[in-house]
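Reader: I would like to learn how to read helix packing in a model. Could you walk me through it, one feature at a time?

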Amino acid sequence: MRQLDLFNDTLSIQKANCLSAVLLMRDWDAMPSALSELVKVDDEGQYYPKFKQLCTLITHALTVLASKEIRYEECSHLGEMFQSTLASQANLLMGSAGNEWICSFWSELAEKFERIGERGKEDSVEAYLKAHRWSDVLRVVNNSFSGKEMRSSVQRWLCLGYLALGHRNEAIQSLLRYAWLSPEGMENLIQESSCASWAQFWQGFQRDIGDLENDWFPAWYLHEFRPLEWRFESYPGTVAARAYQVLLGLLLRESRGIDSTLMADRAKLKGLSPEFFAFYLRYR
């Protein structure tokens, strides 16, 4: 819990900090009285209106979440409120502690979405992600979605879930698939991962062949780190994905020496992208 004003420890600040403590402990029974104590001393209205809004949001959320018959639309509205108003108010009044505090609300909402059935599956995964319930992210994704290899949203969930649980190989493979399926989202996903090594990989790709589209990142990664044992069940029909497959064959054959098959594959790679082929050839 942070002090709201380190240099002016007034009675209103003391009561505001008491209310913050009550909220962080999720002591909802004590919340109304703590709010009443704050309004008695907050003569200038510096803190009470903000805390009043936050407590009103909390009361609404608790009421909806407590309902046994909650509809999809109610869950969606609640998720929008968590994402915008509740999160911003919590961060404003509770500092960095507010980020972790709101996870419990996302956790309850994720369970509600999941119970709704098929319509709520995608929303439940997104809510589990925000709740930092990584194992549940992977559980729902792996049990609920067909054609996972060709769905960018699923690859993002798998990527972040595997990464948080320390399964880096699986996370990277999902990252590569995501690059093929949603190249325009790569910058955001790298940032969302908060992974320093991934940020370095991304900078290396942009430095080496940044003029190519983002869906060439998997081919660059294969060239740099040689995960030759990785096999994907399916590939999108893009030039960059075809180049990945050609490059994989090239890297496997190079140790056996130069032959006609190797030269033919080099010609294929050059035909797909002279720029990437030039990058590849620099290291031969």
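Author: Happy to! Two packed helices are described by the angle between their axes and the distance between the axes. In this predicted model, helix 13 (residues 217–225) packs with helix 14 (residues 239–253) at an angle of about 10°, and their axes are 9 Å apart. Angles under 35 degrees count as roughly parallel, so helix 13 is roughly parallel to helix 14.

Reader: Which residues of helix 13 and helix 14 meet?

Author: From helix 13 come Pro218, Ala219, Leu222 and His223, and they meet Tyr244, Leu247, Leu248 and Leu251 of helix 14. By type, the residues of this contact are seven nonpolar, one polar and no charged.

Reader: Is His223 buried or exposed, and what is His223 in contact with beyond its neighbours within four places in sequence?

Author: His223, which lies in helix 13, is buried, with a relative accessible area of 4%. Beyond those sequence neighbours, its contacts are Leu247, Leu251, Phe279, Tyr280, Tyr283 and Arg284. There is also a polar contact between the side chains of His223 and Glu224, at 3.1 Å.

Reader: Now for another helix, please. Which residues are buried in helix 2?

Author: A general idea helps here: an α-helix has 3.6 residues a turn, so residues three or four places apart point the same way. In helix 2 (residues 31–41), the residues Met31, Ala34, Leu35 and Leu38 are buried. They lie on the same side of helix 2, because they cover an arc of only 100° around the axis.

Reader: What do the buried residues of helix 2 pack against?

Author: They pack against helix 1 (11–24) and helix 3 (48–66).

Terms used: Residues are numbered from 1 along each chain as its sequence is written. This is a predicted model: local features need pLDDT of at least 70, side-chain atom pairs count only at pLDDT 80 or more; totals for chains, interfaces and linings use all residues. Side-chain values use heavy atoms; hydrogens and water are left out. Axes are lines fitted to C-alpha atoms, for helices over the stretch in contact, and angles run from 0 to 180 degrees between N-to-C directions. Helices (H or I, at least four residues) and strands (E, at least two) are DSSP runs, numbered from the N terminus. Angles under 35 degrees count as roughly parallel, over 145 as roughly antiparallel, 65 to 115 as roughly perpendicular and the rest as oblique. Contact means heavy atoms within 4.5 Å. Ala, Val, Leu, Ile, Met, Phe, Trp, Tyr, Cys and Pro count as nonpolar, Asp, Glu, Lys and Arg as charged, and the others, Gly among them, as polar. Buried means under 20% relative accessible area, exposed over 50%, partly exposed in between (1.4 Å probe, protein chains only). The arc is that of the directions from the helix axis to the C-beta atoms. A polar contact is a pair of N or O atoms within 3.5 Å; within protein, one must be able to donate a hydrogen and the other to accept it, and residues adjacent in sequence count only if both atoms are side-chain atoms.
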